[in-house]
Amino acid sequence: MKRSLAVSALLSVSVLLPLVGCGTSITNISLSGSSHDFGIALVGTSVTQTAAVVTNTGNVAITLNPTVSGVADFALVSGGACGPTLAPNETCNVVVTYAPPTGSSPTQQTATVNLGVKNLPGTDAEAVTVTGTPGVPAVGLSAGTYGFGDMFVGGTRTQTAAVVT
């Protein structure tokens, strides 16, 4: 924005000096947290949760390009993630699915959701660490007594039992 400044001298001569300057815009975000734990998720199933809430606390729009890195069992939910633009004072949810496949070992897994914030220099608030542990269902037989009666060696009898998880 150009403005002018009038300078008067003792001789009543006016000099018009152009002033050039830049306004400042404040770009900032806040996250509801820097980490989210999905807890235990049974293998072969998926759990979808809001991993973080992002708020643009600045006075200009920011551009987001969220990605997930780390364990492939974590993924952004299409249409549920923030982006591509977050206006000032606007809030959005970062929605992630955790789906440990069958055969996963029951050890904690970790991934990072990077918000890919543009227009935001020097911030550490643009990533969320997500964790989850694959759970293997416990398998057993339903409670009860199974009687087979007297049998001859080599004979067979069948009983039905319920498998419970």
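Here are some numbered notes on this structure, going from the whole chain down to a few single residues.

1. **What you are looking at.** Keep in mind from the start that this is a predicted model. The chain has 165 residues, and 25% of them count as buried. Look for helices and you'll come up empty: the tally is 0 helices and 14 strands. Reading along the sequence, you go from β to β, right through to the end.

2. **Contacts and surface.** Take the contacts in the chain with a separation of 6 or more: 64% of these come from residues 24 or more positions apart. As for the outside, the accessible surface adds up to about 10,500 Å². Carbon and sulfur atoms hold 56% of that surface.

3. **An open sheet of 4 strands.** Try tracing the order β3-β5-β10-β8 on your screen; these 4 strands make an open sheet with antiparallel pairing. At the edges sit β3 (29-31) and β8 (74-76), each of which pairs on one side only. From one strand to the next, the twist averages 30°. If you want one pairing to zoom in on, β8 and β10 run antiparallel and share 3 bridges. Opposite L76 you'll find V96 in β10.

4. **The largest nonpolar core.** This core holds 21 residues, and those touching the most other members are V54, L64, F74, V94, V96, L115 and V130. Which elements give two or more residues to this core? They are β4 (35-42), β5 (47-56), β10, β11 and β12 (127-135). The top contributor is β10, with 4 residues.

5. **β12 and its partners.** Strand β12 is mostly covered, with 7 of its 9 residues buried. It pairs with β4 in the parallel sense, over 6 bridges. One of the matched pairs is L42 with G135, the latter in β12. β12 also pairs with β11, this time in the antiparallel sense and again over 6 bridges. Along that pairing, A111 faces V130 of β12, and T112 faces T129 of β12.

6. **V130, buried or exposed?** V130 sits in strand β12, and it counts as buried because its relative accessibility is 0%, with the cut-off for buried being under 20%. Leaving out neighbours within four places in sequence, V130 is in contact with H36, F38, A51, F74, Q109, T110, A111 and V113. Here's a nice one to check yourself: S35 is 95 residues away from V130 along the chain, but their C-alpha atoms are separated by 5.7 Å.

7. **The two faces of β11.** This strand is a good place to see side chains alternate. Q109, A111 and V113 point to one face and are buried. T110, T112 and N114 point to the other face and are not buried. β11 has another partner worth finding, as 4 bridges join it to β7 and the two run antiparallel. In that pairing, G70 has A111 of β11 as its bridge partner.

8. **S69, on the β7 side.** S69 belongs to strand β7 (residues 67-70). With a relative accessible area of 44%, S69 is partly exposed; that value falls between the 20% and 50% cut-offs. Setting aside neighbours within four places in sequence, S69 touches A111 and T112. Measure from C-alpha to C-alpha on your screen and S69 and A111 should come out 5.7 Å apart, although they are 42 residues apart in sequence.

9. **S104, in a loop.** Where is S104 placed? You'll find it in the loop between β10 (91-98) and β11 (109-114). Despite being in a loop, S104 counts as buried, because its relative accessibility is 14% and the limit is under 20%. A polar atom of the S104 side chain lies 2.7 Å from the backbone oxygen of P101. Beyond its neighbours within four places in sequence, S104 is in contact with V43, D73, P134 and V136.

Conventions: Residues numbered from 1 in each chain as written. Predicted model: local features only at pLDDT ≥ 70, side-chain atom pairs only at ≥ 80, totals over all residues. Heavy atoms only, no water. Buried < 20%, exposed > 50% of the residue type's maximum accessible area, 1.4 Å probe, protein only. Polar contact = N/O pair within 3.5 Å; in protein donor to acceptor, adjacent residues only side chain to side chain. Contact = heavy atoms within 4.5 Å. Pairing = 2+ DSSP bridges. Axes fitted to C-alpha atoms, helices over the stretch in contact; angles between N-to-C directions. Core = buried A, V, L, I, M, F, W, Y, C linked by side-chain atoms within 4.5 Å. Areas by Shrake-Rupley, 256 points an atom, 1.4 Å probe, with all protein chains shown as cover.
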